[in-house]
Amino acid sequence: MSSSTPFALELKDLRKQFGKTEIIRGASLAVNAGERVAIIGPNGAGKSTLFNLISGRFAPTSGEVLLHGQRIDGHKPYEINRRGLSRSFQVSNLFTRLSVFENIRCAVLWSMGYRYAFWKFLADLDDANDRADAVLEMIKLDRKRDVLAINLTYAEQRALEIGITIAGGSSVILLDEPTAGMSQSETRRFVQLIRDVTVGKTLLTVEHDMGVVFGLADKIAVLVYGEVIAFDEPEAVRANARVQEAYLGSVVADAQGAAA
Ligand SMILES: Nc1ncnc2c1ncn2[C@@H]1O[C@H](COP(=O)(O)OP(=O)(O)OP(=O)(O)O)[C@@H](O)[C@H]1O
């Protein structure tokens, strides 16, 4: 066994079957700490399923998921979260009737272990408040601190979700289509926001927008029929013949304009 630093996240020959259908068919991937990785692939390739396997919503049929060198496959989502992996969802996960600040503070308190032990939380409330305010500044919602989440714009709600995802200080962040539904200018600002709040962290994002992919990712993983057929830097993936053939031909041509 090597003594070098383990990968932040590693998938080893991961498989997932639903009934008789194998959706994830031996996916392998090794992500270094601090890398930003976009997972792309055609509809139905298994991107969301892969996220569900990594974050513990599904247990794999076989194979391994390692977080900082330790097995997490089959563990419960909250256990995986405690070990430093946090995930956002395509569908909004906000408490719409709570303020922006309260949404973030809930996430901070949860990450500090106050899910059930609210009796001990008063002592640490100042810490939680400070951390929540720091996160609000990072996601640029400090001026909306006391606004109810339901009254935010769509883009602000998505920023709040990112804030909730990073509030606990996880080192590995999974974002599922973070810019879906945004205008082009909102998307550009949002990509910058994601870059800013994930400095020093490991990021995996599922993304359809090639402008976002090429603007954000250090590396791209191409998932086709439940297999990672390429995992490399953007230019190498763009030039990869197998990727061109299986998926990217026309999509990449479009992206060249979008990323320029
Ligand atoms: N819980 C489940 N039970 C049965 N089949 C499932 C389940 N979840 C996903 N699938 C199937 O797995 C396949 C991959 O779905 P998945 O949502 O992971 O793909 P995707 O790459 O995220 O697609 P998209 O880009 O359209 O979001 C689909 O055929 C889907 O119907």
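# A tour from strand E8 outward

Select Ile39 and Val206 to start: Ile39 stands opposite Val206, a residue of strand E8. Keep in mind that this is a predicted model.

**Stop 1: strand E8 and its partners.** Colour residues 202-206, which form E8. Now add strand E3, residues 36-40. E3 and E8 run parallel, and 4 bridges join them. Next, show strand E7, residues 172-176. E7 also pairs with E8 in the parallel sense, over 5 bridges. To find your place in this pairing, select Leu175 and Thr205 of E8, which stand opposite each other.

**Stop 2: the two sides of E8.** Turn on side chains for E8. Which residues point one way, and which the other? Thr202, Leu204 and Val206 point one way, while Leu203 and Thr205 point the other way. In a regular strand, side chains alternate between the two faces of the sheet. Is E8 mostly covered or mostly open? It is mostly covered, with 5 of its 5 residues buried.

**Stop 3: the crossover.** Add helix H6, residues 184-197. Follow the chain from E7 over H6 to E8: together they make a right-handed β-α-β unit.

**Stop 4: helix H5.** Select residues 154-166. How does the span of H5 compare with what 1.5 Å a residue predicts? Its 13 residues should span 18 Å, and the end C-alpha atoms are 19 Å apart, which agrees. Now highlight the buried residues of H5: Arg158, Ala159, Leu160, Glu161, Ile162, Gly163, Ile164, Thr165 and Ile166. What do they pack against? Show E7 and H6 again, then add strand E6 (85-87), helix H3 (100-111) and helix H4 (125-138); the buried residues of H5 pack against these elements.

**Stop 5: the ligand.** Display the ligand and its shell. Around it are Phe18, Ile23, Gly41, Asn43, Gly44, Ala45, Gly46, Lys47, Ser48 and Thr49. Colour helix H1, residues 47-55, which supplies the largest share of this shell, 3 residues. By type, the shell holds 3 nonpolar residues, 6 polar and 1 charged.

**Stop 6: Val237.** Finish in helix H8, residues 234-239, where Val237 lies. Why does Val237 count as buried? It has 25 C-beta neighbours inside 10 Å, and 20 or more are enough for that label. Leaving aside residues up to four places away in sequence, Val237 touches Ile220, Val222, Ala230, Asp232 and Val243. For a last distance, pick the C-alpha atoms of Val237 and Ala221: they are separated by 8.3 Å, with the two residues 16 apart along the chain.

Definitions and conventions
Residues numbered from 1 in each chain as written. Predicted model: local features only at pLDDT ≥ 70, side-chain atom pairs only at ≥ 80, totals over all residues. Near = placed C-beta within 6 Å. Nonpolar A, V, L, I, M, F, W, Y, C, P; charged D, E, K, R; others polar. Buried ≥ 20, exposed ≤ 12 C-beta atoms within 10 Å, placed from the backbone. Contact = placed C-beta atoms within 7 Å. Pairing = 2+ DSSP bridges. Right-handed = clockwise from strand over helix to strand, strands pointing away. Expected span 1.5 Å × (residues − 1).
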